[in-house]
Amino acid sequence: MIAGCNQVENIEPTVELDNRAIGEVKSIDEGHLIELSAFFASILNKPEVLNEFYGYSKLEGNEGELEFSLRKVFETEFDQIARKSSAIVSYFKENGGNLRTQSTSFDLDFFIKFMKENDLEVLAPYLARNFSLEELDELTISWWTKEMEEEGLKKDPNWKGETPAFKIRLSEDLSFESIMKGLEDKTLEVFMVSDEYAMKNPTIVFGAFEEGLYDRELQLKEARVSEANLSYINVVPSNVGIGCAQIQSNDVVRYNIPDLRIRDNTRGWPNGNYITIWVAYAAYSSNSSGLPTLGFSVNRLVTEKKINRSDFDWKSNFVGQPLLTHWHESNLSIQIIFAYKKSGKDLTQTVNSVSNNPNTGATVTSTQTLTRRDTRTFGSQHWWRCPEINGAHKVDTGHGFRGTNAIWQMQGQDGRIQFTLEPRLTRL
């Protein structure tokens with residue numbers, strides 16, 4: 001059995017691979033955030049404004065969920081979906097300018113600066129998914145701060161999240177002053193909302209969520225393997241019985257995650273789920289003299305890829321590329337790490353791969369240390385090449401099957417992830 005091979009000294013030093021974090025949670029003045037939320041409540045009954053809010057559910061990467069960066073909207077003053085000047089900015093400035101001439105407490109320039117400096121965002125996890133624009137007659141306006149999450153988790157480590165809110169009717173022409181007066185004298189009720197409420201009631205949340213919405217479109221897309229290299233025309237079906245011993249020298253063995261899903265939200269309401277996946281493996285190559293050599297790599301295949309809040313459906317080809325484009329015979333094992341974004345939690349994970357050194361024939365364990373800020377793991381595990389090719393990916397793990405592949409599950413402190421694995425053999 002492969003697991004019984006003699007493992008020798010590490011051949012790679014322990015190094016840090018990644019210490020990057022996208023975005024940063026900002027502590028902001030809740031009083032100003034309430035005022036800003038109240039002001040938006042006073043213009044959301046304008047069809048052009050509400051249409052623009054809804055339009056952002058169509059933004060690339062949002063997967064039908066309404067979310068966008070207020071900072072970006074007010075810096076560009078442009079509606080990215082309708083490809084025209086932003087109605088949000090236009091009505092905000094018009095109404096805010098009118099308030100300034102009336103000597104009210106609302107300072108237009110201050111709040112535009114407030115949105116930009118605090119990188120404010122809008123999240124509405126269920127609004128566009130559960131409610132059509134035409135059926136809306138009321139909206140719940142809510143706000144979120146980092147302190148709310150911290151306090152909730154102090155009281156209960158399993159806290160699911162809730163935020164304060166008030167409700168408006170879109171048929172009523174409410175002014176900023178009347179909303180603020182209602183909040184102050186409590187004639188406008190403030191109550192707490194969560195997933196259960198927002199699924200049944202149209203809800204919009206304002207805050208500095210560190211979702212990275214401002215930079216999402218500016219981030220470089222991850223390198224993908226070209227479709228030409230992923231051709232499966234000559235894939236040998238698994239049912240023909242080809243085992244590890246029958247693999248020929250020119251055969252290419254790709255290792256894939258055909259299906260994946262989460263079973264729980266990884267953060268409290270209203271934050272999204274952001275998944276990261278690494279694979280650690282020994283890389284077989286030749287040096288300048290043509291002699292076979294072994295290197296060690298840890299590839300991040302998915303970087304904070306979003307799954308909508310409470311979207312627990314199976315996702316086909318979530319990873320978008322093979323874990324390994326070729327699992328070489330010298331690479332006896334790999335390690336796969338599944339993680340999720342978690343503010344204030346730093347990941348430190350030892351990763352390794354067991355290999356057969358083609359120069360000496362010795363079995364070698366290569367090790368590095370993986371680090372990443374604001375990240376927590378679902379878990380990690382090693383997989384062995386020959387057992388997987390021989391059918392281990394079809395052995396029931398206790399969680400059933402997806403097609404003919406066994407379902408694997410890893411459970412972190414904040415939720416579960418399930419996935420299937422599959423080696424695919426191409427005979428060139």
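**Exercise 1. Place Arg83 and judge its backbone and its exposure.**

*Solution.* Arg83 sits in the loop between β3 and β4 (84-85). This is a predicted model. Next, check the backbone. Arg83 is not a glycine, yet its phi is positive, near 60 degrees. Now the surface. The relative accessible area of Arg83 is 61%. The cut-off for exposed is over 50%. Arg83 is therefore exposed.

**Exercise 2. Do the same for Glu77.**

*Solution.* Start with the location: Glu77 belongs to the loop between α3 (70-76) and β3 (78-79). Its phi is positive too, about 55 degrees, although Glu77 is not a glycine. Relative accessibility is 36%. Buried needs under 20% and exposed needs over 50%. Glu77 falls in between, so it counts as partly exposed.

**Exercise 3. Trace the six-stranded sheet and find its edges.**

*Solution.* Read off the order first: β2-β5-β9-β6-β7-β8. The sheet is open, and its pairing is mixed. The edges are β2 (66-69) and β8 (191-193), since each pairs on one side only. From one strand to the next, the twist averages 30 degrees.

Now take one pair. β6 and β9 (residues 203-207) run parallel and share five bridges. Within this pairing, Ser142 stands opposite Val205 in β9.

Finally, add the helices. Helix α2 (residues 47-55) lies across β2, β5 (121-124), β6 and β9. Its angle to β2 is about 100 degrees. Helix α7 lies across β6 and β7, at about 75 degrees to β6.

**Exercise 4. Identify the buried side of helix α7 and its packing partners.**

*Solution.* List the buried residues of α7 (residues 146-155): Met148, Glu149 and Gly152. They span an arc of only 95 degrees around the axis, so they lie on the same side of α7. Then look at what they meet. The buried residues of α7 pack against α1, β6 (138-144) and β7 (163-169).

**Exercise 5. Describe the nonpolar cores.**

*Solution.* Begin with the general rule. In soluble globular proteins, nonpolar side chains tend to be buried together. Here the largest nonpolar core holds 52 residues. Phe40, Phe53, Phe74, Phe92 and Leu139 touch the most other members. Helix α1 (residues 30-43) supplies the largest share of this core, seven residues.

Zoom in on Phe92. Beyond four places in sequence, its contacts include Leu36, Phe39, Phe40 and Ile43. Phe74 and Phe106 are also among them, as are Leu108, Phe111, Ile112 and Met115.

There is a second, separate core of 32 residues. Its members include Leu324, Tyr340, Phe378 and Met410.

**Exercise 6. Work out the surroundings of Asp311.**

*Solution.* Asp311 is in the loop between β14 (292-307) and β15 (315-316). Its relative accessibility is 16%. Buried means under 20%. Asp311 therefore counts as buried. Now look for a polar partner. The Asp311 side chain makes a polar contact with the side chain of Lys315, at 2.8 Å. Leaving aside neighbours within four places in sequence, Asp311 touches Arg129 and Ile262.

**Exercise 7. Locate the cis peptide bond that involves Pro270.**

*Solution.* Find the bond first. Trp269 and Pro270 are joined by a cis peptide bond. Omega is about 5 degrees. Then place the proline. Pro270 is in the loop between β12 (259-262) and β13 (273-286).

Key:
Residues numbered from 1 in each chain as written. Predicted model: local features only at pLDDT ≥ 70, side-chain atom pairs only at ≥ 80, totals over all residues. Heavy atoms only, no water. Core = buried A, V, L, I, M, F, W, Y, C linked by side-chain atoms within 4.5 Å. Buried < 20%, exposed > 50% of the residue type's maximum accessible area, 1.4 Å probe, protein only. Helix = DSSP H or I, 4+ residues; strand = E, 2+ residues; numbered from the N terminus. Contact = heavy atoms within 4.5 Å. Arc of directions from axis to C-beta. Pairing = 2+ DSSP bridges. Axes fitted to C-alpha atoms, helices over the stretch in contact; angles between N-to-C directions. Polar contact = N/O pair within 3.5 Å; in protein donor to acceptor, adjacent residues only side chain to side chain.
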